[in-house]
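Me: I would like to work through this protein one question at a time, with the reasoning spelled out before each result.

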Amino acid sequence: MRGLLMFVCVWILFLASLTTVSGKCVWILFLASLTTVSEARVLIGTLPNEAHGVSGTLYVHDDVTLLIDQFYYDGYAPAAYPYFYTKGNVPNNAGGGIKISGRLTMRYTGQTLTLTMPSSYTVYNIGWFTVWCESARQLFTRIQFPDSLPSPSTATPTVSSANVSQNCMSLDSSANLQWTAYNTSVTYTLCGCV
């Protein structure tokens, strides 16, 4: 997944035990788990494209940082900026929002855009997020923030049993490799007869 700060944890557990199954000795060689873990963040939603191909998925990364994953923008507007409107204010083509960062001067084709809130503001002040062109006085996208925004540090990943996949492969007549994929985790088990 692009734009995520990720780390990979690898655990290898050597099981030094021998087990008797139906009179045969079975040796469990190892159990390995490869897990990709991303930092917690809060999903706000998908940016609707109103003009200039603006789209992406908006997240709150921490109290002062927004991330737009898979950000697209054609780069042709003369003065496009990320803006926010404080709670209680509604975005419109007359302006009135607060700039989050500098002008969007280039074309974006699926990159992650990181935006830091201006001093004295946090993501908890945001009622709406927009991309607005000052010259054309036009909104390119807008998305409303929820009334109650959970802290990214308390966000937990959603786990679905639909993301579980089990597979098994015979390596030869004396060894099998089994793996289970669960969300972003894969567990491998290698079993063999001694």
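Reply: Before the strands are discussed, one convention is needed: two strands pair if DSSP finds at least two bridges between them. The model is predicted, and each value below is computed from it.

Me: How many strands does the secondary structure of the protein come to?
Reply: From the N terminus on, the elements run β-β-β-β-β-β-β-β-β-β-β-β-β-β, and the number of helices is 0. The secondary structure of the protein therefore rests on strands, as a strand is a DSSP run of E with at least two residues, and their number is 14.

Me: Which strand is joined to S6 by 7 bridges?
Reply: On one hand, S6 pairs with S5 (residues 55-62) in the antiparallel sense over 6 bridges, and these two form a hairpin with 2 residues between them. In that pairing, Leu 58 stands opposite Ile 68 in S6. A further antiparallel pairing places Leu 66 opposite Leu 115, and the strand that is joined to S6 there by 7 bridges is S9 (residues 108-116).

Me: Is strand S6 largely enclosed by the rest of the structure or largely open?
Reply: A residue counts as buried under 20% relative accessible area. Strand S6 spans residues 65-73, and 7 of its 9 residues are buried, so the strand is largely enclosed by the rest of the structure.

Me: What is the order of the strands in the open sheet of 4 strands?
Reply: The edge strands, each of which pairs on one side only, are S8 (98-99) and S11 (138-144). S7 and S8 run antiparallel and are joined by 2 bridges, with Phe 84 standing opposite Ile 98 in S8. The pairing in the sheet is antiparallel, and the order is S8-S7-S10-S11.

Me: Which residues do ring pairs link into a cluster?
Reply: A search of the whole structure finds 5 aromatic pairs. One of them joins Tyr 81 and Tyr 83 edge-to-face, with 6.4 Å centre to centre and 90 degrees between the planes, and both of these tyrosines are buried. Ring pairs link into a cluster Tyr 81, Tyr 83 and Trp 132.

Me: How many residues apart are Phe 84 and Tyr 121, whose pair links distant parts of the chain?
Reply: Phe 84 and Tyr 121 form an edge-to-face aromatic pair, at 5.2 Å centre to centre and 75 degrees between the planes. Phe 84 belongs to strand S7 (residues 80-86), whereas Tyr 121 lies in the loop between S9 and strand S10 (126-133), so that the pair links parts of the chain whose separation is 37 residues.

Me: Are Phe 84 and Tyr 121 buried or partly exposed?
Reply: The cut-off that matters is 20% relative accessible area, under which a residue is buried, while partly exposed residues lie between that and 50%. At 0% relative accessibility, Phe 84 counts as buried. Tyr 121, at 27%, counts as partly exposed.

Me: Which residue lies over the face of Tyr 81?
Reply: Arg 41 lies over the face of Tyr 59, at 3.8 Å from the ring centre. For Tyr 81, the residue over the face is at 4.1 Å from the ring centre, and it is Lys 99.

Me: With which residue does Lys 99 meet in a salt bridge?
Reply: Lys 99 is partly exposed, with a relative accessible area of 35%, and its salt-bridge partner, at 28% relative accessibility, also counts as partly exposed. The pair links distant parts of the chain, from strand S8 to the loop between S10 and S11, 35 residues apart. The N to O distance is 3.1 Å, and the partner is Glu 134.

Me: How many residues apart in sequence are the parts that Glu 50 and Arg 142 tie together?
Reply: The structure holds 2 salt bridges, and in one of them Glu 50 and Arg 142 have their closest N and O atoms 2.9 Å apart. At 35% relative accessibility Glu 50 counts as partly exposed, and Arg 142, at 31%, counts as partly exposed. Glu 50 lies in the loop between strand S4 (42-47) and S5, and Arg 142 in strand S11, so the sequence separation of the parts they tie together is 92 residues.

Terms used:
Residues are numbered from 1 along each chain as its sequence is written. This is a predicted model: local features need pLDDT of at least 70, side-chain atom pairs count only at pLDDT 80 or more; totals for chains, interfaces and linings use all residues. Side-chain values use heavy atoms; hydrogens and water are left out. Buried means under 20% relative accessible area, exposed over 50%, partly exposed in between (1.4 Å probe, protein chains only). Rings of Phe, Tyr and Trp (its six-membered ring) pair if their centres lie within 6.5 Å; planes under 30 degrees apart count as stacked, over 60 as edge-to-face and the rest as tilted. A charge sits over a ring if NZ of Lys or CZ of Arg is within 6 Å of the ring centre and within 35 degrees of the ring normal. A salt bridge is a side-chain nitrogen of Lys or Arg within 4 Å of a carboxyl oxygen of Asp or Glu.
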